[in-house]
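I opened a new structure today and kept notes as I went. My plan was to look at sheets, helices and the ligand in turn.

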Amino acid sequence: MAPTLSNALFADQTEVTEFVVNKGNGVKGLSERGIKALPYQYIQPLEERLINKSVNQTDEAIPIIDMSDPDENRVAEAICDAAERWGFFQLINHGVPSEVLDNMKAATHRFFNLLVEEKSKYTKENSLSRNVRFGTSFSPRAEKALEWKDYLSLFFVSEDEAEQYWPDVCRNEALDYMNKSKTMVRKLLEYLGKNLNVQELDETKESLFMGSIRINLNYYPICPNPDLTVGVGRHSDVSSLTILLQDQIGGLHVRSLTSGNWVHVPPVPGSLVINIGDAMQILSNGRYKSVEHRVLANGNNNRISVPIFVNPRPESVIGPLPELVANGEEPVYRDVVYSDYVRYFFRKAHDGKKTVDYAKI
Ligand SMILES: O=C(O)CCC(=O)C(=O)O
Ligand SMILES: [Fe+2]
């Protein structure tokens, strides 16, 4: 019998890690070679797969909020309410032009369509900047089972740095997406802040809530056995806020705080998905919730998503806001240096909501 493509490629399945992780082919490389069965490295334990019965058996849905509603108080209230009860919402009429979002999606496809030799210039070993990283899965060296996703991660330092180090095929689109989202981000933070007695988003507060930005370009290629693995495992984000652009494929699921069910986040054309991250949960002393989410692997379609992680500065100390503590609230979290928190997150595999325990008193 003639060997299948996957057999011909890999005499031994242990070669898969070398091909995907070390050689920079990613899971996209694996998918495109027509691999017929999921390599064992990607097989997730049963409890981590999304085929359990709590999925899609719910009529719960995350809120969709129209930012163009002329009643600003109503918008602010809906946002704060969603941040407390869901930790997730979708924004429509958010003010980021649709061409900017379309260009970002096209640029994401352009990057992942580059030859492996091109993309490999940005791997941990080869990248000329530690702020630019092409990789696969989440933390392959720390994970027992790998995740079916490739990514390009761009940490913004300055326009000059981006000019020098970010890949040409997506640099301008990523900068534009980031810059054109800032007004909306500031508005969201103003609404969320007011509800916590933060009267003004001054320089100090701006640096605390949105002092650094990271953009990730995620690629989830077609998977031979999507039921056995995940695109992204259960986690909460370490950001203060995440702004997520997704395409029309779907697959993102959020854990409902009220029922524990996994609720799908349906693609809504033109919308952006917003979620609260751990930093905001800590700063708000637990009022706003960073919620567990995960992404399904897909057997029929390639999917992309582009999150902007709005973060404190690495050197910022985060803890419950003085405005809350002065009001007599008992702090639930201690003060931590944000970069220590992030380092702790990346040292381990995705493990649901466990990261935030690091800051618990
Ligand atoms: O791709 C998605 O929809 C979500 C990705 C995600 O959760 C993340 O990158 O943190
Ligand atoms: Fe996430």
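Here are my entries, one topic at a time.

**Entry 1: the model.** I noted at the start that this is a predicted model.

**Entry 2: the eight-stranded sheet.** I reminded myself that strands of a sheet pair through backbone hydrogen bonds, either parallel or antiparallel. Then I traced an open sheet of eight strands. I read its order as β1-β2-β10-β7-β12-β5-β4-β3, and the pairing is mixed. At the edges I found β1 (64-66) and β3 (132-136), each paired on one side only. I looked up the turn between neighbouring strands of this sheet, and it is 25° on average, direction ignored. I also found a helix on this sheet. Helix α4 (residues 72-85) packs there and touches β1, β2 (88-92) and β10 (272-276). I put its direction at about 160° to that of β1.

Next I picked out one pair of strands. β7 and β12 are antiparallel and share six bridges. In this pair I saw Leu241 opposite Val310 in β12.

**Entry 3: the four-stranded sheet.** I moved on to an open sheet of four strands, in the order β6-β11-β8-β9. Its pairing is antiparallel. Why is one side of β6 and of β9 left without a neighbour in the sheet? β6 (232-235) and β9 (262-264) stand at the edges, and each has a single partner strand, so one side stays free of a neighbour in the sheet. The twist averages 20° from one strand to the next. I counted two bridges between β6 and β11 (residues 293-295), which run antiparallel. His235 stands opposite His293 in β11.

**Entry 4: the ligand.** I met His293 again in the shell around ligand 1. Which other residues surround ligand 1? I listed Asn216, Asn218, Val232, Asp237, Leu244, Gln246, Leu252, Val295, Ser305 and Pro307. I then sorted the shell by class: five nonpolar, five polar and one charged. Four strands, β5 (212-220), β7 (241-246), β11 and β12 (303-311), each supply at least two residues of this shell.

**Entry 5: two packed helices.** I noted that two packed helices are described by the angle between their axes and the distance between the axes. For helix α5 (residues 98-112) and helix α8 (residues 171-194), I looked up an angle of about 145° and axes 9 Å apart. The crossing is left-handed. From α5, I found Val100, Asn103, Met104 and Ala107 in the contact. They meet Glu173, Ala174, Asp176, Tyr177 and Lys180 in α8. I sorted the residues of this contact into five nonpolar, one polar and three charged.

Terms used:
Residues numbered from 1 in each chain as written. Chains lettered and ligands numbered in written order. Predicted model: local features only at pLDDT ≥ 70, side-chain atom pairs only at ≥ 80, totals over all residues. Pairing = 2+ DSSP bridges. Axes fitted to C-alpha atoms, helices over the stretch in contact; angles between N-to-C directions. Near = placed C-beta within 6 Å. Nonpolar A, V, L, I, M, F, W, Y, C, P; charged D, E, K, R; others polar. Left-handed = near helix turned anticlockwise from the far one by under 90°. Contact = placed C-beta atoms within 7 Å.
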